[in-house]
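Open the model in your viewer with the backbone drawn as a cartoon. The tour below goes stop by stop, naming what to select and what is found there.

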Amino acid sequence: MRIAILLFDDLTALDAVGPYEILSALPGVVIRFVGERRGLVRAHRGGLGLSVDTELDELTDPEVVLVPGGPGQSVLMDDGPVHEWLRTVDATSTWMTSVCTGSLILAAAGLLEGHRATSHWLALDQLPAHGVEPTGERVVIDGKYVTAAGVSSGIDMALTLAGRTFGDSVAQRIQLGTEYDPQPPYDAGSPDRAPAEIVKALRDNSRFVLRGR
């Protein structure tokens, strides 16, 4: 199984690396980090470097495509090489997936029209403009399209995909091997449960949260 993970500058690192850690443990998979040009891209905030090893036109038939989100998503909303590639690989892929605002890129490419999808909770209201039905679920499967909510939910999405493609026992072994057993110190990971003042602060500054400026 060939898995293509799209990379671009100012992505959120965990959007790509979290699912990678899960999917790379699947038997017989080959993962390629694809982008417009070979070389390093820099993640948002700390500038973590991730390396594009395959240019878009070098891999046009992966079985699985993963599109992360992050502030750099905003410059990939116009039609161009990334959208063209996504439409090309969509024709033959088994699964098209996204994490966080990566679903906005899929939507802008016209792939999610008429489908249900999720995204970061601060970006859900942008999906209807692309003909997409937004949902606040953590992982949404609608046909071949699998979208995850914000950042950490990419791990849940990857485990869901692992179970769908290789069976529950394989996914459970990977979950145990990574000791993915979330027990956060705060119950503030959802706008439904976080303190109202925290939710308001993030809503008021959503431009800075999602676009990094």
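## The sheet

Start with the strands. Seven of them form an open sheet in the order 5-2-1-6-7-11-10, with mixed pairing. Strand 5 and strand 10 stand at the edges with a single partner strand each, so one side of each has no neighbour in the sheet. Keep in mind throughout that this is a predicted model.

## Strand 1 and its two neighbours

Select strand 1, residues 2-6. Is it mostly covered or mostly open? Four of the five residues of strand 1 are buried, so it is mostly covered.

Next add strand 2, residues 30-35. Strand 1 and strand 2 run parallel and are joined by five bridges. To find the register, label Ile-3, which stands opposite Ile-31 in strand 2. Then follow the chain between the two strands: it leaves strand 1, passes through helix 1 (residues 13-23) and enters strand 2, and this β-α-β crossover is right-handed.

Now turn to strand 6, residues 64-67. Strand 1 pairs with strand 6 in the parallel sense as well, over three bridges. Ile-3 appears again here, with Val-64 as its bridge partner in strand 6. Ile-5 has Leu-66 as its bridge partner in strand 6.

## Strand 7

From strand 6, move on to strand 7, residues 95-99. Strand 6 and strand 7 are parallel and share four bridges. Val-64, already selected as a partner of Ile-3, stands opposite Trp-95 in strand 7. The route from strand 6 to strand 7 goes through helix 2 (residues 81-90), and this β-α-β crossover is right-handed.

Show the side chains of strand 7. In a regular strand the side chains alternate between the two faces of the sheet. Which residues of strand 7 point which way? Trp-95, Thr-97 and Val-99 point one way, Met-96 and Ser-98 point the other way, and all are buried. With five of its five residues buried, strand 7 is largely enclosed by the rest of the structure.

Strand 11, residues 145-148, runs parallel to strand 7, and four bridges join the two. Label Val-99 to see the match: Val-99 stands opposite Ala-148 in strand 11.

## Salt bridges

Side chains of opposite charge can pair when their charged atoms come close. How many salt bridges does a search of the whole structure find? It finds nine, and three of the stops below are among them.

- Select Arg-2 and Glu-63. Their side chains meet in a salt bridge, at 2.8 Å from N to O. The pair links distant parts of the chain, with Arg-2 in strand 1 and Glu-63 in the loop between strand 5 (54-55) and strand 6, 61 residues apart. Arg-2 is partly exposed because its relative accessibility is 31%, and Glu-63 is partly exposed at 23%. Add Asp-61 to the selection: Arg-2, Asp-61 and Glu-63 are linked in a network of salt bridges.
- Select Arg-87 and Asp-79. This salt bridge also has an N to O distance of 2.8 Å. Arg-87 is partly exposed, with a relative accessible area of 34%, whereas Asp-79 is exposed, at 56%.
- Select Arg-138 and Asp-156. The closest N and O atoms of this salt bridge are 3.4 Å apart. Here too the pair links distant parts of the chain: Arg-138 lies in the loop between strand 9 (133-134) and strand 10 (139-142), and Asp-156 lies in helix 4 (residues 153-166), 18 residues apart. Arg-138 is partly exposed, with a relative accessible area of 36%.

## The largest pocket

For the last stop, switch to a surface view. The largest pocket holds about 1000 Å³ of space. Which residues should be selected to find its centre? Of the 38 residues that line the largest pocket, His-120, Trp-121, Gly-150, Ser-152 and Gly-189 are the closest to its centre.

Then colour the helices. Helix 6 (196-204) and helix 7 (206-211) are the elements that give two or more residues to the lining. Helix 6 gives the most, with three residues. Colour the lining by residue class to finish: 18 of its residues are nonpolar, 13 are polar and seven are charged.

Notes: Residues numbered from 1 in each chain as written. Predicted model: local features only at pLDDT ≥ 70, side-chain atom pairs only at ≥ 80, totals over all residues. Heavy atoms only, no water. Salt bridge = Lys/Arg side-chain N within 4 Å of Asp/Glu carboxyl O. Buried < 20%, exposed > 50% of the residue type's maximum accessible area, 1.4 Å probe, protein only. Pairing = 2+ DSSP bridges. Right-handed = clockwise from strand over helix to strand, strands pointing away. 1 Å grid on protein atoms, 1.4 Å probe; cavity = no way out; pocket = protein on both sides within 12 Å on 5 of 7 lines; lining within 4 Å. Points joined across faces, edges and corners; volume = space filled by probe spheres on them. Nonpolar A, V, L, I, M, F, W, Y, C, P; charged D, E, K, R; others polar.
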